Amino acid sequence: MANLELFSIKKTWFKGNLHTHTTISDGKLEPAEVVKLYKKLGYDFLALTDHEIFSWWQEFNTPDFLILPGIETSGRALGPYQCHHVVGVGDSKVKPNHLERFDNQGLTGLSGAQTMVDFLTDQGYLTIYCHPVWSRQTFENVADLQGFTAIEVYNHGCHVENCTGEATYYWDGFLRQGNRIWGVATDDSHQQTEDYGGGWVAVNAPSLSAEHIVEGLLKGQFYSSNGPTIEAYGVCDGQAYVRCSEAQAIHFIAFERRGKTFVASPGQPLTQAVHTLHGDEEYVRIEVVDERGRVAWSNPIFF
Ligand SMILES: [Zn+2]
Ligand SMILES: [Zn+2]
């Protein structure tokens, strides 16, 4: 088993939100106000992903704050509640023009979701399958989706709205059947409630450019969080390891062989953990849980 340091100390961690709405669709704040909000929260980058509208608000780019082109596409609902939403996030190579509409006519069911993924990929976007619990999808309903980049393991807006934001069950479902996809935490902020600053990704990249951030996202060189931070994780001498902020528990989630959980002793929070691998794991991923139950999710390490 090769040693694998997934993050370079020569690179920097950049914090960003990949899923946000504005008054261009159903958000409460204007794009400029949303940008101001995330700058104030200390974010480095933001994708504005309004429903069925391609946008790239380049005028808000500054040397220390990056706007990525984005969109959230939706298929037609199959009933009163069931739907599929796919977010696209890109760099300067994306094709549709700013404020062009996405035509979702006739996109229904999983084939509609697949059409959205394929179309966005073709236009130069990485794709995120959004909030499956909120969309009232079982894993079996979505299991055949192919070619997408990531799934929302945590959507803060859905969590705040009605506790439908968590989806690690779906992530492991895809991973266990061999889909090598990443997990992302997002806000999906509409600013109607306190739905911002609760789910983010931290990307390990050489600079804050759209190309470097998107490359880091495509390669899985990031982790997701709604609280804790991860400093490093990887594999060294047959052991998976993580270094992190103070944690109550650290889980190594493996497949098909089972992984391992470490729990802090009273008054002695964990800041690192090591798990000896057996060599027949298909993947291992790490969850760091703090004293308030908030989680940081590493991406899976595949073998
Ligand atoms: Zn959505
Ligand atoms: Zn959304």
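1. **Salt bridges.** This predicted model holds six salt bridges. One to look up right away pairs R285 with D172: R285 lies in strand 17 (residues 283-289) and D172 in helix 5, so the contact ties together parts that are 113 residues apart in sequence. The side chains come to 2.7 Å, N to O. Neither partner sits out in the open, as R285 and D172 are both buried.

2. **A shared arginine.** R285 has another partner, E287, with the closest N and O atoms 2.8 Å apart. E287 counts as buried because its relative accessible area is 12%, under the 20% limit. R285 falls under that limit as well, with a relative accessible area of 1%. Through these shared partners, D172, R285 and E287 become one network of salt bridges. As general background, side chains of opposite charge can pair when their charged atoms come close.

3. **A salt bridge with partly exposed partners.** E215 and K219 also form a salt bridge, and here the closest N and O atoms are 2.9 Å apart. E215 is partly exposed, at a relative accessible area of 36%. K219 is partly exposed too, at 48%. For a bench reader, this makes a handy pair to view beside the buried R285 and D172.

4. **How the two domains meet.** The chain is divided into domain 1 (8-225) and domain 2 (230-302). Their C-alpha centres lie 25 Å apart. Contact between them involves 18 residues of domain 1 and 16 residues of domain 2. About 1,500 Å² is buried between the two, with carbon and sulfur atoms giving 59% of that area. On the domain 1 side, W171, R176 and Y223 lose the most area to domain 2, and together they account for 34% of what that side buries.

5. **Polar links across the interface.** How many residue pairs are in polar contact between domain 1 and domain 2? The count is eight, with both residues of each pair at pLDDT 80 or more. The rule also finds one salt bridge across this interface. As for the elements involved, strand 8 (150-155), helix 5 (168-176), strand 9 (182-186) and strand 11 each supply at least two residues of the side of domain 1 that touches domain 2. Helix 5 gives the largest share of that side, with five residues. By type, the residues of the domain 1 side divide into ten nonpolar, five polar and three charged.

6. **Helix 5 itself.** The buried residues of helix 5 are Y170, W171, D172, G173, F174 and L175. Two of these names have come up already: W171 is among the residues of domain 1 that lose the most area to domain 2, and D172 is in the salt bridge with R285. After the helix comes G178, which has a positive phi near 100°.

7. **S224, a buried serine.** Which strand holds S224? The residue is in strand 11 (residues 222-225). S224 is buried, with a relative accessible area of 0%. Beyond its neighbours within four places in sequence, S224 is in contact with G183, V184, A185, W200, V201, V295, A296 and W297. The side chain of S224 also reaches the backbone nitrogen of A185, at 3.1 Å. Its C-alpha atom is separated by 9.6 Å from that of E152, a residue 72 places away along the chain.

8. **Backbone geometry worth a look.** Most residues other than glycine have a negative phi, and most peptide bonds are trans. Against that background, D188 has a positive phi of about 50° without being a glycine. D188 is found in the loop between strand 9 and strand 10 (200-205), and is buried at 5% relative accessible area. D237 likewise has a positive phi of about 50° and is not a glycine. D237 is in the loop between strand 12 (230-236) and strand 13 (239-247), and counts as exposed at 63% relative accessibility. There is also a cis peptide bond between F255 and E256, with omega about 0°. E256 belongs to the loop between strand 14 (249-255) and strand 15 (260-263).

9. **K260.** Strand 15 is also the place of K260. K260 is partly exposed, with a relative accessible area of 42%. Leaving out residues up to four places away in sequence, K260 touches I250, H251, F252 and H275. The C-alpha atoms of K260 and V274, 14 residues apart along the chain, are separated by 9.6 Å.

Definitions and conventions: Residues numbered from 1 in each chain as written. Chains lettered and ligands numbered in written order. Predicted model: local features only at pLDDT ≥ 70, side-chain atom pairs only at ≥ 80, totals over all residues. Heavy atoms only, no water. Helix = DSSP H or I, 4+ residues; strand = E, 2+ residues; numbered from the N terminus. Buried < 20%, exposed > 50% of the residue type's maximum accessible area, 1.4 Å probe, protein only. Contact = heavy atoms within 4.5 Å. Polar contact = N/O pair within 3.5 Å; in protein donor to acceptor, adjacent residues only side chain to side chain. Domains from an automatic or database assignment. Buried area = accessible area lost by both parts, 1.4 Å probe. Salt bridge = Lys/Arg side-chain N within 4 Å of Asp/Glu carboxyl O. Nonpolar A, V, L, I, M, F, W, Y, C, P; charged D, E, K, R; others polar.
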